[in-house]
Amino acid sequence: MRLTHARVKNFRCVLDSEEFTVDQQVTCLVGKNESGKTAVLHALTKIMPIDGSSIGPLSDLDLPRYQMGDLGTKNKTEGVDAVVTKWELLPEDLAKLQVLVGPSSCAKEFGVTLKYDNARYYDFEIDESKVAAFWLAQHSLPPEEHQLLAEAKNVQDLRSALKGISDPTQRQKDLLLDLNSTFGEKSAWDVVTDKIDELMPRFAYFSEYARMPGRLSIVDFKRLQQTKQLPDGYRVFDALLRMIGKTVADLEDVKQFEYLKAALETAEAQLTRQIFAYWSQNRYLKVDFDCRPGLERDPAPFNSGLVLHTRILNQRHGSTTSFDDRSAGFVWFFSFLVWFSQVKKNYGENVIILLDEPGLSLHAKAQADLLRYIEKELAPHYQVLYSTHSPFMIDPANLLRARTVEDVFIEPKSKDPMEQGELLGTKIGSDVLSTDKDTLFPLQACLGYEITQTLFVGKHTLLVEGPSDLLFLQWFKRRLAVAGRTTLDQRWTITPCGGIDKVAAFMALFAGNNLHIAVLTDYATGNKKKVQALRESKLLLEGHVLTAEAYAAKPEADIEDIVGSAPYADLVNKTFGLTGAQVFKIPSALAQQRAVKLAEEHFLSFPVGGPEFDHYQPAEALITSDVGGALIGLNDGLNRFERLFADLNALLAADTNVPAVAPIATGRARPIVAAKP
């Protein structure tokens, strides 16, 4: 059977989570710290935990604090809902129920509510008259015998009618015997819900902190085991013992040492293979078990009796370290596999797995490995619900599996310090939407990372500062191509990155994609040192930082200066419709200054209400209208862009085994060295 909906109420910080849908395979609860994610998982576990679970039954201490006084003192907690769930019966479940009540008498959905009396209450529809008819049909009574029983509205009526027959036939006796064997004194509803209770999956809860300790006192373990107070880490060790088919007594039997060591080494090998199928961080690690007597000078309880030491062997460095001292992520993954192997052995696939902040101590790439493990090993066989606040634990390919979790408090509308706000408690949203920016941040970060890995980049990427640079390059690229002149190679993907300050961040973000990257940037007083630092940083290959002044023949320049003073001024006038005294001109005395800066100053001289300058609009007008064809002095601009494109194309030569094209000479251009990216 499959969990389809859940709702947590009156549990710790969750006043009413409201109903949320549960995915058929994996559900991801996303929320910031202290939002109530753990409380929700704990509440679900209490419906039907696996044997030996660290999650105990409901108690008054689980009530929200403000309710404890009202409900606890009046002894009304038993009728209080804690968890309300809805389930769907799978075909194999229906088949088992239909043996009892027939093929058409029961629904495919049912509800289960857990109340504070720790009883499960079932909401299940069944047509009792159809059940009675089913059992009558099963025994093929002749018409005269069937007629006596046809009015039965349920199993109880049918049983009473059979008992009332003074001289029953053998067929009637057989029917009564079967009814008593199947139902006893219970109704069909009771028998079906008992069967559902038997078939329901158990909830297996595993937290981020359930890690097997690096050293474990067998004496201490036995003491805690007898009192049934095993910490989560010790429960993992208990699962390890069961996995290798050993007991604590076997550990203490010196005669069994070799057998014990062999069993532990077998477990080492099995677990190591499972881990490294999904662990890409360091494949030179190996789990090593060593069971030996405690030393007198060791701290208690490790100074007496046997002590199990679990260590990580780094085969690259030839050294071991305790579980407690190294690689918390690796230890968590190992502990989870040990624990889960025992859960799978005991319950097969009839388990719902609840993971609380899994992989919290894992590196981002290792979290991707864990997601892959969940998707390939768990999701095909189990429903999985896990909580997280890490963007790397959200699968962007399955974003609709995410449910937002937030602790909602409505602030008072007035500023009166005496007015109190309204506490709504933890809410869970099935629509992946939230009003809280902190709650949404992991989702936004996940999507942002995923999108940036595929958007606006290619194998050969030319970084420019902004969208206007992109538009100018695209227009001149097409214009030169139409004229049959040297144009920008189609293999270049032009990508705005937001300025020279963002180049380093871009390189770090896309470092794993093996991209060939060049940069075309403005060159002004404020960024000369940044350009020089970028060239010296080795982030890019030599010659892959191109600056506008090298092609505009100015000491400082933007891409608009490569267009040229005359054509750019003409473009500005046509874009903004400037006429008369408002016409923008660049005198020859100012020709060496940056055209954009001059345009900005020109527009500042206009009276209030006049046109406002936006340096993006001329580029947009150039590419979306026909103003570019008749720009004054355009040919000089085409020549400059042709030199730029030739230099960029030369950077592709080594990568494609095509002889490098010698760049067209320019008075201020730096020599370009074609280097293999």
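Helices and strands here are DSSP runs, a helix holding at least four residues and a strand at least two, numbered from the N terminus. The model you are looking at is predicted. Here are some exercises to help you find your way around.

**Exercise 1. Place Arg2 and list its contacts.**

Solution.
- Step 1: Find the element. Arg2 belongs to strand β1, which covers residues 2-11.
- Step 2: Look for contacts beyond four places in sequence. Arg2 touches Gln24, Lys86, Trp87, Glu88, Leu90 and Gln383.
- Step 3: Check a distance. Val22 is 20 residues from Arg2 in sequence, and their C-alpha atoms are 9.1 Å apart.

**Exercise 2. Take stock of the whole protein.**

Solution.
- Step 1: Count the elements. There are 25 helices and 20 strands.
- Step 2: Turn to burial. The protein has 677 residues, and 49% of them count as buried.
- Step 3: Consider the surface. The accessible area is about 33000 Å², with 52% of it belonging to carbon and sulfur atoms.
- Step 4: Consider the contacts. Of those between residues at least 6 apart in sequence, 71% join residues at least 24 apart.

**Exercise 3. Work out the strand order of the open sheet that contains β14, and name its edges.**

Solution.
- Step 1: Walk across the sheet. Its six strands come in the order β8-β13-β14-β4-β15-β16, and the pairing is mixed.
- Step 2: Find the edges. β8 (202-207) and β16 (422-429) each pair on one side only, so they are the edge strands.
- Step 3: Add the twist. From one strand to the next it averages 15°.
- Step 4: Begin at the β8 end. β8 and β13 run parallel and share six bridges, with Tyr205 standing opposite Leu354 in β13.
- Step 5: Add a helix. Helix α13 (residues 328-347) packs on the sheet and touches β8 and β13, its direction making about 170° with that of β8.

Recall the general idea behind this: strands of a sheet pair through backbone hydrogen bonds, either parallel or antiparallel.

**Exercise 4. Describe the surroundings of strand β14.**

Solution.
- Step 1: Look on one side. Strand β13 (residues 351-356) runs parallel to β14 and is joined to it by four bridges; here Ile352 stands opposite Gln383.
- Step 2: Follow the chain. From β13 it passes through helix α14 (residues 364-378) to β14, making a right-handed β-α-β crossover.
- Step 3: See where that helix lies. α14 is placed across β4, β13 and β14, and runs at about 165° to β14.
- Step 4: Look at the other partner. Strand β4 (residues 26-30) pairs with β14 in the parallel sense over five bridges, and Leu29 stands opposite Ser387.
- Step 5: Judge the cover. In β14 (residues 383-388), six of six residues are buried.
- Step 6: Split the strand by face. Gln383, Leu385 and Ser387 are buried on one side, and Val384, Tyr386 and Thr388 are buried on the other.

**Exercise 5. Decide whether Thr310 is buried or exposed.**

Solution.
- Step 1: Locate the residue. Thr310 sits in strand β11, residues 306-314.
- Step 2: Recall the cut-off. Buried means under 20% relative accessible area.
- Step 3: Apply the cut-off. Thr310 has a relative accessible area of 0%, so this residue is buried.
- Step 4: List what surrounds it. Beyond four places in sequence, Thr310 touches Met212, Pro213, Gly214, Val287, Asp288, Phe289, Ser322 and Phe323.

**Exercise 6. Examine three salt bridges and the burial of their partners.**

Solution.
- Step 1: Start from the total. The whole structure has 26 salt bridges. Side chains of opposite charge can pair when their charged atoms come close.
- Step 2: Take Glu145 and Arg171. Their closest N and O atoms are 3.1 Å apart. The pair links distant parts of the chain, with Glu145 in helix α5 (residues 143-147) and Arg171 in helix α7 (residues 170-183), 26 residues apart. Glu145 is buried at 7%, whereas Arg171 is partly exposed at 39%.
- Step 3: Take Asp238 and Arg242. Their N to O distance is 3.1 Å. Both lie in helix α10 (residues 232-244), four residues apart, about one turn of the helix. Asp238 is buried at 14%, and Arg242 is partly exposed at 44%.
- Step 4: Take Arg292 and Asp290. Their side chains meet at 2.4 Å, N to O. Arg292 is partly exposed at 35%, and Asp290 is partly exposed at 25%.
- Step 5: Look for a network. Lys9, Asp81 and Lys115 are joined into one by salt bridges that share partners.

Conventions. Residues numbered from 1 in each chain as written. Predicted model: local features only at pLDDT ≥ 70, side-chain atom pairs only at ≥ 80, totals over all residues. Heavy atoms only, no water. Buried < 20%, exposed > 50% of the residue type's maximum accessible area, 1.4 Å probe, protein only. Contact = heavy atoms within 4.5 Å. Pairing = 2+ DSSP bridges. Right-handed = clockwise from strand over helix to strand, strands pointing away. Areas by Shrake-Rupley, 256 points an atom, 1.4 Å probe, with all protein chains shown as cover. Salt bridge = Lys/Arg side-chain N within 4 Å of Asp/Glu carboxyl O. Axes fitted to C-alpha atoms, helices over the stretch in contact; angles between N-to-C directions.
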